[in-house]
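Hi there,

Here is the structure I promised to pass on to you. Have a look at it first, and my notes on the charged pairs come right after.

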Amino acid sequence: LAKIQHVSGYPEASIASDSNLTAVTSDFTTGVQNTFGIPGVLPTGSSVLSSGTTAGLAAGVNFTRVASEEKGISLFAGAYIRQRYYKGISALNSSNLDLRGGLSIASDANTYRLFAIMGQYRQEGMSAGVNANRETPGIGAEWQRKLGERDQFTLSTQYSQPRYPTQDTQDTDQVLLSASWLHIFEGKTTPLIFASVNQSVDRALRPLATGSDMSRTTTGVRAHFQLTPLAHMDVFLSAGVSRRNDDSLNARSALTPPVYGRDLTKDVSIGVNWRPWPKWTVKGQLAAYQNDSNLELYQFRRTESTISTRYDF
């Protein structure tokens, strides 16, 4: 039976210190004036720059069952839940549930997957009558190919429908394309590099009150490098850059003449994975984020340090 079906999963707990909990610009009043032309607006609620401590709980379970060993066909399903708690700011507490299931076909060095997803995000937020709740159903396909013993290439596409019950002008239909490459080098420390590129295109379903809409195109690249200097320890360095281009004039501003919003988001993180016992992983990570934008209101910087403990079964 173990050969026919397999169940795995994990619980995880974390604690973090964040320098900018809501990723807000350092000078909100000036940002509003230079983006919307409205002077003297003071920050309130989530617009206030604040630092603090957060705690997180997460768990996931994966199920795989062989449908036809001869044809390499398997069925898979997974469920993942994440909770995040903000000390002293309960309105920012959030929960995230992701469900995934589909069909996998393995043929020689190739693996093909067709899948459906359902995401549910919940956050009360700090504005009366408006929250950040979101439902995201979708479908997708993936092709994975092994190139020898040390390389693996993956290409995937996904179509999803993010829906916001109390902010329906944010609703879009999204198409995501991504490609990634994994290479494991020879050597005692088992160095590896993972690189990926992706692009998402969001098409808004409804206009904003100004006549603009939230259609946008986002392109990103990421690289992850890892070493294993000790049998029970990995060290890693990860960095990413993404570019958001608004496809509608003044979608996030009220400037004259009107402009297309342009954001460049950069992040870098370093960390250690320590495995003190079989199936246990303690992870420490320090990350820095910076968003540069031609709309001053959306510029921000933040750093976050995190320690987490995870048990895999």
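Below is what turned up among the salt bridges.

Please keep in mind that this is a predicted model. The count comes to 19 salt bridges, and I picked out a few that you may like to look at.

Start with D171 and R206, whose closest N and O atoms are 2.8 Å apart. This pair links distant parts of the chain, 35 residues apart: D171 sits in the loop between β7 (151–160) and β8 (172–184), and R206 in the loop between β9 (192–204) and β10 (216–230). D171 is buried at 4% relative accessibility, while R206 is partly exposed at 34%.

Next comes the salt bridge between D202 and R216, with an N to O distance of 3.9 Å. D202 belongs to strand β9 and R216 to strand β10, so this contact ties together parts that are 14 residues apart in sequence. D202 has a relative accessible area of 2% and is buried; R216, at 16%, counts as buried too.

Strand β9 also contributes R203, which lies 44 residues from its partner D247 in the loop between β11 (233–246) and β12 (262–274). Their side chains meet in a salt bridge at 2.9 Å, N to O. Here D247 is partly exposed, with a relative accessible area of 33%, and R203 is partly exposed at 41%.

Finally, there is a network to look at: D18, R84, R302 and E304 are joined into one by salt bridges that share partners.

Best wishes

Terms used
Residues numbered from 1 in each chain as written. Predicted model: local features only at pLDDT ≥ 70, side-chain atom pairs only at ≥ 80, totals over all residues. Heavy atoms only, no water. Salt bridge = Lys/Arg side-chain N within 4 Å of Asp/Glu carboxyl O. Helix = DSSP H or I, 4+ residues; strand = E, 2+ residues; numbered from the N terminus. Buried < 20%, exposed > 50% of the residue type's maximum accessible area, 1.4 Å probe, protein only.
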